[in-house]
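User: Could you take me through the reasoning behind the labels attached to this structure, setting each value beside the rule that it has to meet?

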Amino acid sequence: MRVWSIISQKGGSGKTTLALHLAIAAAEELKVLVIDLDPQQSAERWHAIRQRATGSKDDPSIAAGPYTKLPEMIRVAKKLGAELVLIDTPPKLDKAITAALTPATLGIIPVKSSILDLQALEDCVRVVEFAKAKAKSVVVMNAVPTGRNKDASIKEVARYAGRHELEVMPERLSELSVYAQGLRSGRGVTETDRNGTSAKEITALLEALWARDSEGTEG
Ligand SMILES: Nc1ncnc2c1ncn2[C@@H]1O[C@H](COP(=O)(O)OP(=O)(O)OP(=O)(O)O)[C@@H](O)[C@H]1O
Ligand SMILES: [Mg+2]
């Protein structure tokens with residue numbers, strides 16, 4: 001069972017967006033569980049909307065609770081035969097982030113190119129190092145501008161990540177309104193924008209993360 005923890009010290013960097021689109025895409029072939037450790041429980045609220053929109057479908061499944069319950073939730077996920085668990089975490093809560101990184105086979109740090117996101121990377125690195133999870137963590141550039149600022153934005157994130165010796169995935173997500181739109185109706189871009197750029201980005205990212213997660217192959 002692979003466990004991917006999506007973490008960031010910065011609110012609004014795209015943790016929930018990334019978790020849900022990846023989960024929906026992966027659920028086409030795998031048994032997927034999303035664990036929502038955010039006290040705001042936006043992923044859980046979203047799941048209720050998805051169930052209303054898709055009938056009784058439970059792909060992905062979702063569980064929510066405080067980070068202190070995470071070991072138990074992971075045990076249950078294993079027992080139920082989950083193949084991929086995606087953990088959505090709250091920002092700024094070091095204890096929840098550390099707890100989420102402990103069972104993780106991969107840590108995913110979404111970063112937008114705003115200066116606040118970039119500065120927050122520093123705090124993120126601190127938590128990742130504390131959890132001894134740096135080697136299994138990667139940065140995913142999110143909301144990359146599609147216009148002429150694209151290259152400068154990519155370079156800037158690469159520069160900050162490089163400074164902290166963090167690996168950056170070459171697969172990234174553009175700033176596209178479809179990422180927000182679909183989730184409002186409980187759907188992922190691989191459903192609402194099947195042949196579009198966003199679905200291609202999510203599929204490519206999912207495949208690359210799967211390949212990057214070498215620990216997960218051990219079972
Ligand atoms: N690639 C993207 N393109 C366009 N909008 C995006 C993209 N990624 C995220 N957003 C938007 O940015 C906002 C924040 O995203 P999201 O809620 O996923 O962040 P978060 O890290 O989970 O936030 P929080 O820390 O508050 O839980 C949302 O309105 C979302 O729709
Ligand atoms: Mg969130």
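The exchange below goes from the overall form to the sheet, then to single residues and the ligand.

User: What makes the protein count as compact, and what secondary structure does the protein have?

Analyst: This is a predicted model, and its secondary structure comes to 9 helices and 7 strands. The radius of gyration is 16 Å, close to the 17 Å that the globule rule gives for 219 residues, so the protein is as compact as a globular protein of that length. Along the principal axes, the C-alpha trace spans about 45 × 40 × 30 Å. Buried residues make up 47% of the 219 residues, and among contacts between residues at least 6 apart in sequence, 79% join residues at least 24 apart.

User: Why are β3 and β7 called edge strands?

Analyst: The 7 strands form an open sheet in the order β3-β2-β4-β1-β5-β6-β7, with parallel pairing. Pairing requires at least two bridges between two strands, and β3 (61–64) and β7 (167–168) each pair on one side only, which is what the term edge strand refers to.

User: How do you know that β2 pairs with β3, and β5 with β6?

Analyst: The rule asks for at least two bridges. Strand β2 (residues 32–36) is joined to β3 by 4 bridges, and β5 is joined to β6 by 5 bridges, so each pair satisfies the rule. Both pairs run parallel. Within the first pair, Leu-33 has Ser-61 of β3 as its bridge partner, while in the second Val-111 stands opposite Met-141 in β6.

User: Which helices lie across these strands, and at what angles do they run?

Analyst: Helix α1 lies across β1 (2–6), β2, β4 (84–88), β5 (106–111) and β6 (137–141), and runs at about 165° to β4. Helix α2 (residues 42–54) lies across β2, β3 and β4, running at about 145° to β3.

User: What makes β6 mostly covered, and which residues of α4 are buried?

Analyst: In β6, 4 of the 5 residues are buried, and on that count the strand is described as mostly covered. In helix α4 (residues 94–101) the buried residues are Ala-96, Ile-97, Ala-99, Ala-100 and Leu-101; these pack against β1, α3 (70–79), β4, β5 and α5.

User: Why is Cys-124 called buried, and what is Cys-124 in contact with?

Analyst: The label needs 20 or more other C-beta atoms within 10 Å, and Cys-124 has 24, so Cys-124 is buried. Cys-124 is found in helix α5 (residues 115–130). Leaving aside neighbours within four places in sequence, Cys-124 is in contact with Ile-7, Ser-8, Gln-9 and Ile-109. By contrast, the C-alpha atoms of Cys-124 and Arg-75, 49 residues apart along the chain, are separated by 26 Å.

User: Why is Ile-202 called buried, and where is Ile-202 found?

Analyst: Ile-202 is found in helix α9 (residues 197–212), and with 23 other C-beta atoms within 10 Å, against a threshold of 20 or more, Ile-202 is buried. Its contacts, apart from neighbours within four places in sequence, are His-21, Leu-22, Ala-25, Val-189 and Thr-190. For His-21 and Ile-202, which are 181 residues apart along the chain, the C-alpha atoms are separated by 7.0 Å.

User: Why does Lys-92 count as partly exposed, while Glu-165 counts as exposed?

Analyst: A residue is exposed at 12 or fewer C-beta neighbours, buried at 20 or more, and partly exposed in between. Lys-92 has 13 such neighbours inside 10 Å and therefore counts as partly exposed, whereas Glu-165 has 9 and is therefore exposed. Lys-92 lies in the loop between β4 and α4, and Glu-165 in the loop between α6 (150–163) and β7. Phi of Lys-92 is near 70°, a positive value in a residue other than glycine, and phi of Glu-165 is near 55°, again a positive value in a residue other than glycine.

User: Which residues come nearest to ligand 1, and what makes up the shell around ligand 1?

Analyst: Among the 17 residues around ligand 1, those that come nearest are Gly-11, Lys-15, Thr-16, Thr-17 and Ala-180. The shell divides into 6 nonpolar, 8 polar and 3 charged residues. Helices α1 (15–26) and α7 (177–184) each supply at least two residues, and α1 gives the most, with 3 residues.

Notes: Residues are numbered from 1 along each chain as its sequence is written. Chains are lettered from A and ligands numbered from 1 in the order in which they are written. This is a predicted model: local features need pLDDT of at least 70, side-chain atom pairs count only at pLDDT 80 or more; totals for chains, interfaces and linings use all residues. A residue is near a molecule or strand if its C-beta atom, placed from the backbone, lies within 6 Å of it. Ala, Val, Leu, Ile, Met, Phe, Trp, Tyr, Cys and Pro count as nonpolar, Asp, Glu, Lys and Arg as charged, and the others, Gly among them, as polar. Two residues are in contact if their C-beta atoms, placed from the backbone, lie within 7 Å. Axes are lines fitted to C-alpha atoms, for helices over the stretch in contact, and angles run from 0 to 180 degrees between N-to-C directions. The radius of gyration is taken over C-alpha atoms; the globule rule is 2.2 Å times the number of residues to the power 0.38.
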